[in-house]
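Here is a short report for a first look at a protein model. Keep the sequence and the 3D view open while reading.

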Amino acid sequence: MPTTFPWRRWLWGAGAVALCVAFARYCVQIVPADAPLPADKAPAAKSASGALLIPVDGVPASALTDTFTQARALGERSHDAIDIMAARGRAVLAVADGRIDKIHWSEEGGRTVYQRAPDGRILYYYAHLDRYAPGLREGQMVRRGQRIATVGSTGNADPGAPHLHFAIHRASPDTPWHGGDPINPYPLLTEP
């Protein structure tokens, strides 16, 4: 008996591949580590605390997605941050001037950096980092745009989807490095 080509299975497979390609093309923008930087290096947004730089070198505001308050851990907690997808090793930049409050390893965040604004009232949190910038230390003052780390997937991040987990917390000068009230970073990084 002659064998026939399994057209139905092939069409389903081709359709699945086409959907994946369309999703990747139109819904996800991953910025390669060696991509050229835009003319303005990285777009800034105005906030009450001044201009914030998008914390991944070369990522435009149009590539950001608002993942703040999305359900995580099967709905057990809210995502009080945004995830910025980028190639592993892409530079992570300080969003504003400030002081490195804590360099920390945690099971969930992996390699992390906590930065405090000069007035002590805003905390910036960078997680899932691959590496810290050489010489980075607690207590160090950093300038807006200074390289502090690289994008990775440490902690509970999917190793196949490196990204920066970035959070902002409203605080007081005596709030501990891991405290504060979450603020959605997305509008602060995307609104002109």
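## Two histidines

His165 is buried, because its relative accessible area is 15% and the cut-off for buried is under 20%. This is a predicted model. His165 sits in strand 12. Its side chain meets that of Asp83 in a polar contact of 3.4 Å.

His128 belongs to strand 9. His128 also counts as buried, at 6% relative accessibility. Its backbone is worth a look: His128 is not a glycine, yet its phi is positive, at about 65 degrees.

## Aromatic pairs

How many aromatic pairs does the structure hold? There are 4. One of them joins Tyr124 and Phe166. Their ring centres lie 6.4 Å apart, with 10 degrees between the planes. That pair is stacked, because planes under 30 degrees apart count as stacked. Tyr124 lies in strand 9 (residues 122-132) and Phe166 in strand 12 (residues 163-170). The pair therefore links distant parts of the chain, 42 residues apart. Both Tyr124 and Phe166 are buried.

Phe166 pairs with Tyr126 as well. Here the centres are 5.4 Å apart and the planes meet at 50 degrees, so this pair is tilted. Tyr126 is in strand 9 and Phe166 in strand 12, so the pair ties together parts that are 40 residues apart in sequence. Tyr126 is buried, with a relative accessible area of 0%. Phe166 is buried too, with a value of 0%. Elsewhere, ring pairs connect Tyr114, Tyr125 and Trp177 into a cluster.

## Nonpolar cores

Which residues have the most contacts inside the largest nonpolar core? They are Tyr124, Tyr126 and Ile148. This core has 32 residues. Several elements each supply at least two of them: strand 5 (82-85), strand 9, strand 11 (147-151), strand 12 and helix 2 (185-190). Strand 9 gives the largest share, 4 residues.

A second core is separate and has 5 residues. Among them are Ala81, Tyr125, Ala127 and Ala167.

## Strand 11 and its partners

Why is strand 11 described as largely enclosed by the rest of the structure? Because 4 of its 5 residues are buried.

Strand 11 pairs with strand 6 (residues 91-93). The two run in the antiparallel sense, over 3 bridges. Within this pairing, Val92 stands opposite Ala149 of strand 11. Strand 9 is also joined to strand 11 by 3 bridges, and these strands run antiparallel. Leu129 has Val151 in strand 11 as its bridge partner.

## The whole protein

Now step back to the full chain. The protein has 2 helices and 13 strands. It contains 192 residues, and 42% of them count as buried. Take the contacts between residues at least 6 apart in sequence: 62% of these join residues at least 24 apart.

The accessible surface comes to about 10900 Å². Carbon and sulfur atoms account for 57% of that surface.

Note on methods. Residues numbered from 1 in each chain as written. Predicted model: local features only at pLDDT ≥ 70, side-chain atom pairs only at ≥ 80, totals over all residues. Heavy atoms only, no water. Phe/Tyr/Trp six-rings, centres within 6.5 Å; stacked < 30°, edge-to-face > 60°. Buried < 20%, exposed > 50% of the residue type's maximum accessible area, 1.4 Å probe, protein only. Polar contact = N/O pair within 3.5 Å; in protein donor to acceptor, adjacent residues only side chain to side chain. Core = buried A, V, L, I, M, F, W, Y, C linked by side-chain atoms within 4.5 Å. Contact = heavy atoms within 4.5 Å. Areas by Shrake-Rupley, 256 points an atom, 1.4 Å probe, with all protein chains shown as cover. Pairing = 2+ DSSP bridges.
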